[in-house]
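Colleague: Could you take a close look at one part of this model for me, the strand in the middle of things and what surrounds it? I would enjoy a connected walk through it, in whatever order suits you.

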Amino acid sequence: MRIPATRGECGRCGYRATRAAVRKHLSVCTQPIPEAKRAASRRLPDVPGLLIEVVGRPKAYWLFLAIAHDAKLSDVDALLRATWLECCDHLSEFAIGSTRHTSQPEPPPIFSSRPRAQSMHIEVGKLRLATGTAFEHRYDFGSTTVSDLSLVGPLPFAVPSKSAIVLAHNEAPGFACTACEAPAAWVCLECDGPDGEGFLCAACAESHECDEYLQRPIVNSPRMGICGYAGPGAG
Ligand SMILES: [Zn+2]
Ligand SMILES: [Zn+2]
Ligand SMILES: [Zn+2]
Ligand SMILES: [Zn+2]
């Protein structure tokens with residue numbers, strides 16, 4: 001499905017622009033993290049952190065994350081799940097170079113040349129990623145949703161210890177109902193195609209003849225329409 005490029009907003013100062021411009025902006029924006037996002041770790045000292053860009057497939061879906069040096073890969077995994085992935089607790093992994101870090105440890109391979117996966121319980125700062133390093137996150141090894149991550153560079157401000165925070169998120173792309181052009185609320189997996197033929201507004205969904213079970217809500221996520229994904233917090 002083709003989706004036009006989206007804009008997004010810096011969650012601290014409200015600067016709104018394309019992904020490339022938001023990337024530049026976040027490398028210099030020093031507005032503090034809102035108190036609401038700090039509550040859980042208020043007593044911990046602030047530490048240096050990394051600015052990480054996350055691009056979904058399609059690329060219209062994107063995020064920028066602030067990750068404290070002492071946060072773990074598993075914290076990044078949890079944030080990605082909470083933001084745009086979690087449907088039914090599938091396994092996930094990061095692939096960084098030739099190393100895989102999985103959400104569940106594997107038994108040692110018996111007759112396999114594939115290197116054994118590492119745990120996600122490793123502090124991000126200890127990975128010593130160079131600026132510009134690209135790596136992948138994969139959620140669900142059946143109907144896999146791949147997110148492409150890259151290290152933009154150090155954050156221009158300190159963040160609460162062990163925190164992983166969304167700094168910016170693309171605005172939801174709008175989809176029009178295939179039948180009547182009204183804003184779509186559902187996508188029918190039976191009718192879906194490369195040109196987005198399966199979009200339905202609430203009214204047209206009522207009279208749509210495909211099985212209701214095949215209709216998924218429109219959500220701002222690259223996992224829209226996949227497995228049972230129904231949006232953040234619905235998994
Ligand atoms: Zn800003
Ligand atoms: Zn699922
Ligand atoms: Zn309609
Ligand atoms: Zn249909």
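Modeller: Happy to, and what follows starts from one strand and works outwards. Please keep in mind that this is a predicted model.

Let us begin with β4, which spans residues 49-55. Of its 7 residues, 6 are buried, so β4 is largely enclosed by the rest of the structure. On one side, β4 runs antiparallel to β5, and 7 bridges join the two. A hairpin of 6 residues leads from β4 into β5, and Val55 has Trp62 of β5 as its bridge partner. β4 is also joined to β10 by 6 bridges, again with the strands running antiparallel. There, Val54 is the bridge partner of Leu149 in β10.

Stepping back, β4 belongs to an open sheet of 10 strands with mixed pairing, in the order β2-β1-β12-β5-β4-β10-β9-β6-β7-β8. The sheet ends at β2 (16-18) and β8 (118-119), the edge strands, each of which pairs on one side only. Following the order past β10 brings us to β9: residues 134-139 of β9 and residues 145-154 of β10 form an antiparallel pair with 6 bridges. In that pair, Tyr139 is matched with Thr145 of β10.

Two helices lie across this sheet. One is α1, which lies across β1, β2, β4, β5, β10 and β12 and runs at about 120° to β2. The other is α3, which lies across β5, β6, β7, β9, β10 and β12, at about 35° to β12.

These pieces come together again in the nonpolar core. The largest one has 33 residues, and those with the most contacts inside it are Phe64, Leu65, Ala66, Ile67 and Val76. Our strand β4 supplies at least two of its residues, as do α1 (19-26), β5 (62-68), α3 (73-85) and β12 (164-170). The largest share comes from β5, with 7 residues. Val76 is a nice place to see how the core is knitted together: beyond its neighbours within four places in sequence, Val76 is in contact with Leu65, Ile67, Ala71, Val124 and Ala164. There is also a second, separate core of 9 residues, including Ala184, Cys188, Phe199 and Met224.

Just after α3, in the loop that leads to β6, sits Glu86. You may want to look at this residue: Glu86 counts as buried because 23 C-beta neighbours fall inside 10 Å, where 20 or more is the cut-off. Its C-alpha atom is 7.9 Å from that of Gly233, a residue 147 places away along the chain.

Finally, a word on the wider setting. The domain assignment splits the protein chain into domain 1 (7-170) and domain 2 (186-217), with 32 Å between their C-alpha centres. A further open sheet has 3 strands in the order β14-β13-β15, with antiparallel pairing. Its edge strands are β14 (199-200) and β15 (215-217), each pairing on one side only. Between β13 (residues 186-188) and β15 there are 3 bridges, and Val187 stands opposite Arg216 of β15.

So, if you come back to β4 on screen, look for its antiparallel partners, β5 and β10, and then for the core to which β4 contributes at least two residues.

Conventions:
Residues numbered from 1 in each chain as written. Chains lettered and ligands numbered in written order. Predicted model: local features only at pLDDT ≥ 70, side-chain atom pairs only at ≥ 80, totals over all residues. Domains from an automatic or database assignment. Core = buried A, V, L, I, M, F, W, Y, C linked by C-beta atoms within 7 Å. Buried ≥ 20, exposed ≤ 12 C-beta atoms within 10 Å, placed from the backbone. Helix = DSSP H or I, 4+ residues; strand = E, 2+ residues; numbered from the N terminus. Contact = placed C-beta atoms within 7 Å. Pairing = 2+ DSSP bridges. Axes fitted to C-alpha atoms, helices over the stretch in contact; angles between N-to-C directions.
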